[in-house]
Every structure is written in C-alpha cells, then in structure tokens.
Amino acid sequence: MGSWQPQDIIPSPLTNGTNGVEASEYESHGGPKKKIVVVGLGMVGISFIEKLMKLDAKRREYDIVVIGEEAHIAYNRVGLTSFFQHRKVENLYLNPKEWYTNCPKGSLNYHLNTRVTEIHTEQKAVSCSSGEIVPYDILVLATGSDALLPRNTPGHDAKGVFVYRTIEDLEKLIESSALKKGTHGVVVGGGLLGLEAAKAMMDLENFSKVKLIERNKWVLSRQLDGDAGAIVLEQVRKLGLDVLLSTRVRNIEVTEDNTVKGVVFEDGESIACSTICFAIGIKARDELARKSGIKCAEPGGGIAVDEWLKTSVEDIYAIGECASWENQTFGLIAPGIEMADVLSFNLTQAKVHSYRKFKRPDLSTKLKLLGVEVASFGDFFADRDGPKHLPVRAGRKEGNANGLRRRTDGPPPPAVTALTYKDPFQAVYKKYLFTADGKYLLGGMMIGDTRDYVKLVPMVKNQKPLDVPPSQFILGASKEGDEGGADLDDDTQICSCHNVTKGDVCNVVKDGTCNSIGDVKSCTKAGTGCGGCMPLVTSIFNEQMKAMGNEVKNHICPHFNYSRADLYNIISVKKLKTLREVMNEVGNDPESQGCEACKPSIGSIFASLYNKHVMDKPVHGLQETNDRYLGNIQRNGTYSVVPRVSAGEITPDKLIVIGNVAKKYNLYTKITGGQRIDMFGAKKQDLLPIWKELIQGGMESGHAYAKSLRTVKSCVGTTWCRYGIGDSVGMAVRLEERYKSVRSPHKMKGGVSGCVRECAEAQNKDFGLIATEKGFNIFVGGNGGASPKHCELLAKDVPPDDVVPILDRYLMFYIRTADKLQRTARWLEALPGGIKYLREVVLEDKLGICASLEAQMEELVGTFFDEWAEAINDPSRSKKFQQFDNTTETMENMETEEDRGQMRPVYWPKESAKEDFKNTKWTSLTWQPMIEASYFAGADDTPNGISANVKRSDTQLAIFRVKGKWLASQQMCPHKRAFVLSDGLIGDSKDKLWVSCPYHKRNFELTGEQAGRCMNDEEVSIATFPVEEREDGMVYLKLPPVHELDGVLGTKKWMVKKGESGVGAFEKLDKKIGRNGMRVKGRKPFEATRLLETVGGPGEGNIDW
C-alpha cells in the first residue's frame, strides 16, 4: 500500500493578473506565517506544494507562492504520449483548476507564463520576467531539466528537428507532421523517452514510416540486459517500428532553406526523412542558480544539494531533475517525488520527529512501451557491474577461525547469482538477482509479465532475508492448507483449564446436546476457567454448526436477538441510556433483568457512547467484576492497584509515591509487560485511602480493570537512543493520554517503536506505530494472549500530525462494529474484506463516515475524568468500599505466604468444595436481623438490583434485592472457595433468577425448587436461605444456630490454606538448580564446560550449539 493521503485538504479563486501573470485571488502574506516561494510548476513542484499543504494543514505555518514558466498549470509529463489521442491539455492536468481556486485564503498563490530571472540571496527575493520582485523566507528551486540537442551535429537547428519534453514541443510536432503526410519520421534514442516518442509519431498516422535509431546493441540499454532488450526489440518491430541498432548520426541533411531532408550515419549510410525527434537525454536547468552564485555540480551539472536538499545558500533548496545529489541527477519522476516528500516533511514535521535525509533513490521503473510491459527494479545490473549495496548480513565475510583463507579455497564466489526465465512463445523474460546464498533479492527485470513487480520492489527495499527459496519467484509456491481451528486434530487441547479438546466440543454439537456457546460451556466447561480459549471455542462451534447445515446466530445472549454491533447502533440511534429502556425497545422480555452475558456488554456500550461513571446507580449493576470496584479482583478477594504511567515514562517523585503506598499497605509489586507498576493485595476497604494518596501524588487511574485502553508501550526512541528515528515516547504519551478511559468491546493495547528494531513490540498490539524517516507506519489488529497474532499494516509513512485522525477512525469503527469481547485481531479477521476493506473505510472514506468517527472520538476523549478521583470525592460511591455491609469488622478470606520477599495468597486447591450445600439439613431455622433495609433503597430501579455481603459470626452471606424479590445465599463460591457471590451479576429467564460468580462464571440458581443448583457445573452447589424485610426497617434471614452455620459455612473452615495445592510447581526444579530463598547457587567458572567434557568429551557433538 502507498503512503496514506489525508482527506481534509481543502483546496482555492483564480483571477487574471497583469503582465502575463495568472494569480489566485489572495496574495497577502500577513501574520507570522512564513512565505515559501517555489520556482517551477512541474510534477515535482506541485508534488512538493501538495505535500506541504497537507502536512501544514493543522499548523498553517506557511503561505506558498509558485512561479511557473509554462502557460499551463502542472501537468503529467510522464503521460505526454496520450496527448496525441485526445489533444486536450486539461486531460493531463495533475489537479483541475478548481483545486487551485479552492485553497484556503492566502495559502497558495501562483503565477504562470512567468520566468524567474534572478535570485537576490542577500535580500531573500526573486526577480521575475514580469518585472515583479517576490520576497521569500524559503526558496525551493524545482526548475526541472531541458531535453538535450546534439549541438555539435550539423543540422541540429534545422526546420523539422524536435525534442520530446513539453506540451509546446508536442504541439509543434503535431502541427509540422500535418504538413508532411506520407514522409518518413525518425526518432534518435532508444531509451524510455525514445520509445515513447516513436509511439507518439506512429499515433499521428501522418508518417508512412517511423524509424528509431539507437547507438547501442539493444533498446532500453539503461534498464535491460541484451536478452531482455532483444525481446522488446522483437515486439516493437512487430508493431511496425523500424529499429536501427549500433547506429550513430553524423549529420542531418537539409535543404537550402534549412529544412530536414535526411540523416547521414557515421558509416556513411543515409536515409531520407522529413522529421527528426531527438530523445537522447536531459540536462538539469541550473542556469538560474549559477547566475545567482549557488554552487552547481561539475561536470554533469545540476544544483548541488546535501542530504537535506539544502543548497550552498541558506534557506534555498533544490528538488527534482535540477538537483544534483552526490554528483548525480535523476531523470525519473520517482526520485523527484521523494525529494518533495523529504523537504515538505522536514519543513513541517521535523519539530516533532527526526529530520529525514534524502538517500539513494529507488530507480525501479514499470512501463508499457508500444504495448510491451517492461519493468526493472532494484540493482538490476548487479550481475554485470557488481552489486552497489549488499544487505549487511549478506555482506559479512566468512572465514575460518583465525581469519586466514586456506590456499585450497580458490577464488571467492560471485556475490550475485541470477535466476532467469525466458519464454519466447509468450514473449516473457524474467531475471531476478539474488545474493550468492539466495537469502536476499537484489533486483531484476521483467518483460511481458510484470505482475510481481509490486511485490518484489518492497523485498529489495526492505532487505529482509527471504523465507522462500528463489525458485518460488519463478515457479510459484506450493499451496498449503490455511491454519486455523478447522485444521486442528480432534485430540488437540483447546482449553487447558479443563483439558477440553476440539473433539469434545465437536461431539457435543454433533449429537445435538449443545446448540449454543452457552450450552458448550455448560457441557464441556470450556471457557469457564480463565476464558482465554473462548475465541477458539467459538470458532470451532461455528464451524461445526455450519458443517451440519445449522444456522449460526450471533446474538449477544438469549435475551436479545441482536449482535453487540446491532445493539450498539440501536442504542446510539435511539439514545437509550438504561437497561430498562434497552429491554423495552429490543429485548425479548421487556421485564427481564438480563444476564451475565448481556449486562456487561450493554454497560460497555453505554460507556463507549456516553462515558458516565461506571459506579453511578443506573449502570453500576451492569458492570463486570473488575469495573464494579475499579480494580482487578484477585484470587483472595483483594484488588490490584495500577496507576497510569503513560508510555512507561515516570518521574522519581511518582516512583517514591508508589513505593510508599506499597510499603504502607504491604502490597505485592510487579513491573508489567505494559511498562507500569502493579500493586496487588489491596483490600476493598483500603482502596479509597490507597488511591487518595496516589492521586495526591499526581497519579490517576490506569484503567487496568476496564475493557478499555490499557497502555501504549514505547521504547526511548530519539529521547535517548542513538538508533532512534522518531520520538516514540512523545508519540506514545500523546496516544495513551488521548485514548485513556475509552471503553471498547475488549481491552486495547498500543505500542510505539522509534525505529525498525521494534523494541516496543508494536506489531503485536491492537494498534502499533513504528517510526520511519517519513513519519510512522501504522499497524493494527494484533494481540498477544492465547491466540497471538501479528498486526497488519494499515498505513505507511504517516506524518506525526496525521496519526491521530487515522487511529480515531480505526478505533471508533472497531468500537461500533465488533462483537462482544472481540479483540481487534479477531474483529479484523472476521471483517469482510479484511485489511483492504478497513483501509477503504478508514483511509479512503468508502462509507462516508470518517468525519462522524472522528467527531465521536473527539467527543468521547473530551469527556474524560479520573474515575478514582470521582469515587473518592463522592460519598455515595465511597460507601461501597467496605468488606461487609452490616459491620466494619474485617476478616481474611485466604491465607498468604512469603515468596521472593513479598506476600502473596497461597495457591488454589486442586479440587472444588463438592459438599452438597444445597441440600444441607439444618437442625432448626430462626429469623435473624442482618442489615438495615435502607441499604437496598432504589434496588428495584437498578439493572442488577442491590446486593450485600453480610457477616454473621464466622460465616459470610450474600443478600440480594432484585425485581422486587429478596434472595439470600452463602457468600462462598465452592468452585474455588472464593467469598465473592454478592458481587456477581444477576441473570433471569422467565421466573428463574441466578447469580453468576464473578470469578469463573459458575451460575447458581436463587429461586424455585432448584435454588442452590449450579447450572453449568453439577459438581458444586450453594446453600440458600429465606429472607424478608420487616416493619422495624431490618432485613431478616432464616438461619440455623451460629455454631451450626459456622460448622458448615464458616470462613475459617473454607478459606484456602497453605499446602492445599500440593507440592510446589517448582520444587523439583529448585532442587536441580539449587535455589535457596531468593538466590540461585552459582557455579564456579568453567564448571559447566568440565561437566560437559566428562559426559561426552570435547568436540564429540553431544550438544548442538
């Protein structure tokens, strides 16, 4: 894909000036803007202007004045041949006249039919042929080149001699040929331009014969070898062009009035002709620079420029065919466009990025000449002239250990190996040049079939080792099956938590046991552990359903016949803001409370649209486990605390704040892969004072608990690194600060690397940037996790100023259209058309929604607030942060142990608590007051009701007020013996209500005869209790005696204790490596070598190093 082109350039009114000048309406240069004067309105000049205006669109630092010598606005000089068919110069214009007339006021003023006659370097002004003097702050010379005429050849100035360079040249040739019908025409020069000129003269149909004269042994000798040139020659001769090779012109025969009548060659032979068109090369137009004392190259000519395209005079630059870089001028358009790119970037973006240098340009060309497809790329004469540049690794010299060549080694092998294919029947020729080991492609040429050109050019530019043998470039690769769930064997484990295989999932679908993902989870337990396998489980389920001819529904859950994307659009259009409104509008049961599947998704949609605090009463009951208390809940019921450290950049003062907090509250600390500091083990009742200290220290929520942006990882880039190209830290900070707190279908991570060394691992993130000399390459749709995936390239060489609009569009499009809990990688894979379609939507505005996407993101980031700061300052939110709701007492839920100098919870037991709590036979039950009913005020108007964790003696109980009903159960989920059920989401189906454990989604019925049954794990159950509200304002539970209750459900009985998990995972390893406490016993020097020698002896190859 080419570089991304922004779409917000508003191009501007054309009026006729005096003295042959055409100018735009506004020529004012007011305010602090600098004036750039461009001399030359050719292809390179207009390219520079376009790029500068686009890159300067946001800052508006410059106004531009361009002075063109020709009577036309910029036109496509490469496409001149087509002028002979349509004869309309407007068809060649690179931009219509309206583009110039619609530019922002004062930003672009232009003059035509005007030649710059002198540069006043001291006064910083130019004199024009119109008599005007135009001042400048920066002067850019884009004067191009002139076609060469052999002025030492007699008759070169005769009537009937032409060159092939401008529209004016073509108009003269057309006019002259009309008067010479039936005569012969001659083109001198068999290069690219010569073949184009020959084609043009044949298209005129005025000449009875057109002949081409080439001094070399084959045509296109600067691009092709002899074999390739011979094929082109054969093809063009078939089209009726006479070609004379190895022929030089001695003089031109003329009549008495100096009109062409023939050509005489050096061997004395001659031919008659009426018209001669010379296409023998070009000469840089440097006369203006020379006259003004600007240094020019000798002897070849051209305005001398350095790697930043500066001339010898301050604030004067030269680009295009007039510029000489390292004593070279370039007659192709591509190097000139690259110069325009470099200069426009340095004048606008280098303040926030490193300066770009103009480097050795790519001289690859792909053309259709006289109907023949021709291409050359890279170092296409490396086999003839030797390689100009070898990849670093390929260029390393290898020798024996002492660096001396053996006498028997012979001469060094050639550095280049050619792989050639020639098909005379189809007129196809391909020659690809590789390093001697076949690891790198250096260049090549193609005739007849050039389809692979676009693939091969980047391979040469990138100089990356090839991952296929050279033969595949000619023969093609053997086709192999795509990798994915469909190709996994049935015995492949897809859920490591519960040892579920692909076959297990397929079988329950085949036998009709399971017709939904929920059924699969219940039957096989796949996805009920860590949940990381769910994308693969879903993929396998969908594939199996399709294979059986069944419809695969993408509904968010049984409560809605809509996908998440459908619900997002409905909620957005209808501006729904509560679960009740959504249920009434599109739910299958308007009175339903939803479930653990749809509530978090709807809550996330509300957050993505309206960005209200997730602990507000209307939405708090919709939140997933972690969002409920703004922290990731851990194994022992405590929470993690993760302040934001944007891009991993943190001051010593903030490090001290974190250290003091961690030490004060005895928190386990760890540096994360996202370059920030996690603190674990914070008790719910300590979260408020912890965050209060952090916020007072200048920190804010890192949203580690949310399905939102987590981090934007960065390397140090140009901030410190000597290899850095871009300011990766600066960009990463800006992106993380922009998108922090934005809720999305799944968590998002970003990365920014300052160069291709990719230290920030940006290519496995949801979005990643890698700095290039031209800006940043933007990658999207990658992730680590259970199914790692590398990103795909969305846009190349994006200027820093344009990164945010692209990411705004991409992220907002993802938020709008992704499925529930779908990472960007899976979303992009499922997106019809994939990355190509995403480019069309995001870069080309195929759907016409880019402005809407940007505006929506702007509104979303504009509503940012720190959720923890708000929670601390709001009493209604603050009161939720306590362990028990009927007492200020606290208790431990799990034992801890010291590990590497820090405290952590003991490991979970291997087995669940499989007691039949549901059918416990109590000796007696009596009503006991547990909590004030006012605690549950407003419960019937909230989406999940209100729940409470209450303490009675050593037992923890959960009380729920949902849909006008009182419900109660034990607090402990028996699956992992975690005391968390009061924080679970409530689901319903008709008259059945259940609570879903916030840890691993074990769903326990709370109503009916099956109250206490686990709906998706028959091995476990819970005890439930009658509950009622009384007139004294208290909520009562019907409970057994305290000693009996504690004997069955007591916390001390069921809290997980040290040793229950069995032998430590590293016990055998620690014995082997000698781990003692926090250190590993070291070995004496060379001990490993001696051990190896005693086993197999030196040099016996027991270990392949």
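**Entry 1: Arg877 and its partner.** I looked up Arg877 first and found that it counts as buried at 9% relative accessibility. My cut-offs are under 20% relative accessible area for buried, over 50% for exposed, and partly exposed in between, with a 1.4 Å probe and protein chains only. The side chain of Arg877 meets that of Glu870 in a salt bridge at 3.9 Å, N to O. I count a salt bridge when a side-chain nitrogen of Lys or Arg lies within 4 Å of a carboxyl oxygen of Asp or Glu. Glu870 is partly exposed, at 36% relative accessibility.

**Entry 2: the model.** This is a predicted model, in which local features need pLDDT of at least 70 and side-chain atom pairs count only at pLDDT 80 or more, while totals for chains, interfaces and linings use all residues. Residues are numbered from 1 along each chain as its sequence is written, and side-chain values use heavy atoms, with hydrogens and water left out.

**Entry 3: other salt bridges.** I noted 68 salt bridges in the structure. Glu1018 and Arg1013 form one, with the closest N and O atoms 3.0 Å apart. Here Glu1018 is exposed at 59% relative accessible area, and Arg1013 is partly exposed at 21%.

I then checked Asp341 and Arg356, whose side chains meet in a salt bridge at 3.6 Å, N to O. Asp341 lies in helix α8 (residues 333–348) and Arg356 in the loop between α8 and β23 (365–369), so the pair ties together parts 15 residues apart in sequence. Helices (H or I, at least four residues) and strands (E, at least two) are DSSP runs, numbered from the N terminus. Both Asp341 and Arg356 are buried. A network of salt bridges links these two with Lys51, Glu338, Lys774 and Asp797.

**Entry 4: a helix pair.** I found α23 (residues 728–739) packed with α24 (residues 800–817) at about 35 degrees, their axes 12 Å apart. The axes are lines fitted to C-alpha atoms over the stretch in contact, and angles run from 0 to 180 degrees between N-to-C directions. For contacts (heavy atoms within 4.5 Å), the α23 residues are Met731, Leu735, Arg738 and Tyr739, which meet Pro800, Val803, Val804, Leu807, Asp808 and Leu811 in α24.

**Entry 5: surface and totals.** I located Phe1066 in the loop between α31 (1051–1054) and α32 (1067–1073). Phe1066 is exposed, at 53% relative accessible area. For the whole protein chain I noted 33 helices and 52 strands. Of its 1105 residues, 52% count as buried.
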